[in-house]
Amino acid sequence: MATDDSWRLTHLGRLLGHAARRFDERVLQLMARDVEVPLALSNLAARAQVSAAHVHITRHVALEGSRLTDLALSAGMTKQAMGDLVDQCEAWGLVRREPDPKDARGRIVRFTPTGLAWLKAFQDAVAQAEAEFRAEVGDEVATVVAIGLEAYAGEWGASGPSPRRTRARVAT
């Protein structure tokens, strides 16, 4: 067994995790200060009641609405865990559940007007956090990091893993 275990502090997974947490925390800080965010939500963000997990709702609900199963899949969460987040976000007025016009048994999660204001604040905060990242590491490094992460994310892309591709990869 190796005596040098410094690799545990510097491996790529750990660095990516820390960077993602730092980025999400900064986005939430910016949203907490955004005067366009409804006051109750701003206060929740300022008191750290809104977490990166809640950001999954913001990242993954399609503008036309999404089924809970699709939200869970795209966020890499269980349906039950996503349901709990949707319940909380529904209580905060960010989203609402509506009947699915294509499936009488199904429900669609949609942004409310308050949720759309939250989404706009999220977009602005992400842009600011990205600008801060660029300023800290330089444009060239930021561009290389973004290209590398896009290539590494591969099939996960912008909407999460494809269950068909994931099963195919496991089967081979």
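Two residues are in contact here when heavy atoms of theirs lie within 4.5 Å. Keep that in mind as you explore these close-ups of a predicted model.

**View 1. The whole chain holds nine helices and three strands.**
Starting at the N terminus, the order of elements is α-α-α-α-β-α-α-β-β-α-α-α. Of the 172 residues in the chain, 31% are buried. The chain exposes about 11300 Å², and carbon and sulfur atoms supply 58% of that area. If you look at contacts between residues at least 6 apart in sequence, 50% of them join residues at least 24 apart. The average pLDDT of the chain is 82, and 78% of the residues score at least 70. Where does pLDDT stay under 50? That happens over residues 161-172, a stretch with 10 contacts beyond four places in sequence.

**View 2. The largest nonpolar core brings together 26 residues.**
In soluble globular proteins, nonpolar side chains tend to be buried together. Which members of this core touch the most other members? They are Val-27, Met-31, Ile-57, Met-82, Val-86 and Val-95. At least two core residues come from each of α2 (12-33), α4 (52-60), α5 (68-75), α6 (79-91), β3 (103-111) and α7 (113-137). Helix α7 gives the largest share, with seven residues.

**View 3. Helices α5 and α6 pack with their axes 9 Å apart.**
Two packed helices are described by the angle between their axes and the distance between the axes. For α5 and α6 the angle is about 110 degrees, so these two helices are roughly perpendicular to each other. On the α5 side, the contact is made by Leu-68, Thr-69, Leu-71, Ala-72 and Ala-75. On the α6 side, the residues are Lys-79, Met-82, Gly-83 and Val-86.

**View 4. Leu-68 sits in helix α5.**
Is Leu-68 buried or exposed? Its relative accessible area is 18%, and the cut-off for buried is under 20%, so Leu-68 counts as buried. Setting aside neighbours within four places in sequence, you can find Leu-68 in contact with Lys-79, Met-82, Gly-83, Val-86 and Arg-107. Try tracing the path from Leu-68 to Val-86: they are 18 residues apart in sequence, while their C-alpha atoms are 8.3 Å apart in space.

**View 5. Helix α7 meets helix α8, which spans residues 139-153.**
The axes of α7 and α8 come within 6 Å and cross at roughly 120 degrees. How are these two helices oriented? They are oblique to each other, because angles of 65 to 115 degrees count as roughly perpendicular and this one falls outside that range. From α7, Phe-133, Arg-134 and Val-137 take part in the meeting. Their partners in α8 are Asp-139, Val-141, Ala-142, Thr-143 and Val-145.

**View 6. Arg-59 belongs to helix α4.**
Arg-59 is partly exposed, with a relative accessible area of 38%. Beyond its neighbours within four places in sequence, Arg-59 is in contact with Asp-24 and Phe-122. Now look for Ala-75, which lies 16 residues from Arg-59 along the chain. The C-alpha atoms of Arg-59 and Ala-75 are separated by 8.3 Å.

**View 7. Ala-62 is found in the loop between α4 and β1 (66-67).**
The relative accessible area of Ala-62 is 21%, and buried would need a value under 20%, so Ala-62 counts as partly exposed. How many residues separate Ala-62 and Arg-110 along the chain? They are 48 residues apart, with 7.6 Å between their C-alpha atoms.

**View 8. Phe-111 lies in strand β3.**
Phe-111 is buried, with a relative accessible area of 7%. Which residues is Phe-111 in contact with, leaving aside its neighbours within four places in sequence? The list runs Ile-57, Thr-58, Val-61, Ala-62, Leu-94, Val-95, Arg-96, Leu-116 and Leu-119. You have already met Ala-62 in the loop between α4 and β1, and Ile-57 and Val-95 as members of the largest nonpolar core. Gly-93 is 18 residues from Phe-111 along the chain, and the C-alpha atoms of this pair are separated by 8.6 Å.

How values were computed: Residues are numbered from 1 along each chain as its sequence is written. This is a predicted model: local features need pLDDT of at least 70, side-chain atom pairs count only at pLDDT 80 or more; totals for chains, interfaces and linings use all residues. Side-chain values use heavy atoms; hydrogens and water are left out. A nonpolar core is a set of buried Ala, Val, Leu, Ile, Met, Phe, Trp, Tyr and Cys residues joined through side-chain atoms within 4.5 Å. Buried means under 20% relative accessible area, exposed over 50%, partly exposed in between (1.4 Å probe, protein chains only). Helices (H or I, at least four residues) and strands (E, at least two) are DSSP runs, numbered from the N terminus. pLDDT is the predictor's confidence in each residue, from 0 to 100. Accessible areas come from the Shrake-Rupley method with a 1.4 Å probe; for residues, only the protein chains shown count as cover. Axes are lines fitted to C-alpha atoms, for helices over the stretch in contact, and angles run from 0 to 180 degrees between N-to-C directions. Angles under 35 degrees count as roughly parallel, over 145 as roughly antiparallel, 65 to 115 as roughly perpendicular and the rest as oblique.
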